[in-house]
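Biologist: Please take me through this model by way of its ligand shell and its helices. I shall ask, and you may reason from the coordinates.

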Amino acid sequence: MRLSYLLLPALWLLATAPAEAAPPRGATSCTGCHPRSATSGPVPTLTGRPADDIITQMNAFKTGERQSTVMVRIAKGFSDEEIRALADWFANGANARPAQPAPQPQPAQP
Ligand code: HEC
């Protein structure tokens, strides 16, 4: 009983978190390879790229018009709606901000 007093506000906080904070489906798999900001590595960053550009490239990978090492296979797993959501998310730079605030150190419990 006492536990639910603690859980309910926590659930309410989760439910009312701004939608922008939630990455669209699959976004965390993209960020496993694509870095947040430009680096000298082999994988280009997607952060801040125009959404239409990302959509065009994803469709070119899907159809095989653009050859690639891995993106051809990855792009085939996403619908047009999902690609649009991902493209908007990256274009808005949402990827550049950390999804969660860093955990605060907790005082020792008595
Ligand atoms: C396994 C690593 C990996 C994952 C996961 C991955 N990518 Fe890629 N992506 C690449 C590489 C490497 C390239 C460069 C082209 C190539 O060789 O395939 C690329 C290229 C791209 C490009 C073209 C960029 C340019 O500069 O032309 C876009 C757009 C893109 N990826 C979108 C995505 C999206 C959206 C996701 C998530 C759904 C994703 N990628 C997941 C590795 C990955």
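Biologist: Which helices each supply at least two residues of the shell around the ligand?
Modeller: This is a predicted model, in which local features need pLDDT of at least 70 and side-chain atom pairs count only at pLDDT 80 or more, whereas totals for chains, interfaces and linings use all residues. Residues are numbered from 1 along each chain as its sequence is written. Helices are DSSP runs of H or I with at least four residues, strands are runs of E with at least two, and both are numbered from the N terminus. The helices that each give at least two shell residues are α2 (27-33), α3 (51-63) and α4 (71-75).

Biologist: Which residues of that shell come nearest to the ligand?
Modeller: A residue is near the ligand if its C-beta atom, placed from the backbone, lies within 6 Å of it. There are 20 residues around the ligand, and α2 gives the largest share of them, 4 residues. Those that come nearest are Cys 30, Cys 33, Gln 57, Ser 68 and Thr 69.

Biologist: How many residues of each class does the shell have?
Modeller: Ala, Val, Leu, Ile, Met, Phe, Trp, Tyr, Cys and Pro count as nonpolar, Asp, Glu, Lys and Arg as charged, and the others, Gly among them, as polar. By these classes, the shell around the ligand has no charged residues, 7 polar and 13 nonpolar.

Biologist: Why do the buried residues of α3 lie on the same side of the helix?
Modeller: A residue is buried if 20 or more other C-beta atoms lie within 10 Å of its own, exposed if 12 or fewer, and partly exposed in between, with C-beta atoms placed from the backbone. In α3 the buried residues are Ile 54, Gln 57, Met 58 and Phe 61. They lie on the same side of α3 because the arc they cover around the axis, taken from the directions from the helix axis to the C-beta atoms, is only 100 degrees.

Biologist: Against which helices do the buried residues of α3 pack?
Modeller: On the other side of α3, Asp 52 and Thr 63 are exposed. Contact requires that the C-beta atoms of two residues, placed from the backbone, lie within 7 Å. The buried residues of α3 pack against α4 and α5 (80-91).

Biologist: Which helix supplies the largest share of the largest nonpolar core?
Modeller: A nonpolar core is a set of buried Ala, Val, Leu, Ile, Met, Phe, Trp, Tyr and Cys residues joined through C-beta atoms within 7 Å. The largest one has 10 residues, including Ile 54, Met 58, Phe 61, Ile 83 and Trp 89. At least two residues of this core come from each of α3 and α5. The largest share, 5 residues, is that of α5.

Biologist: Is Asn 59 buried, partly exposed or exposed?
Modeller: Asn 59 has its place in helix α3, and its C-alpha lies 8.8 Å from that of Ile 83, 24 residues apart in sequence. Because 14 other C-beta atoms lie within 10 Å, Asn 59 is partly exposed.

Biologist: Which residues does Val 72 touch, not counting those up to four places away in sequence?
Modeller: Val 72 belongs to helix α4 and counts as partly exposed, with 16 C-beta neighbours inside 10 Å. Lys 62 is 10 residues apart from Val 72 in sequence and 5.7 Å apart in space, C-alpha to C-alpha. With residues up to four places away left out, Val 72 touches Phe 61 and Gly 64.
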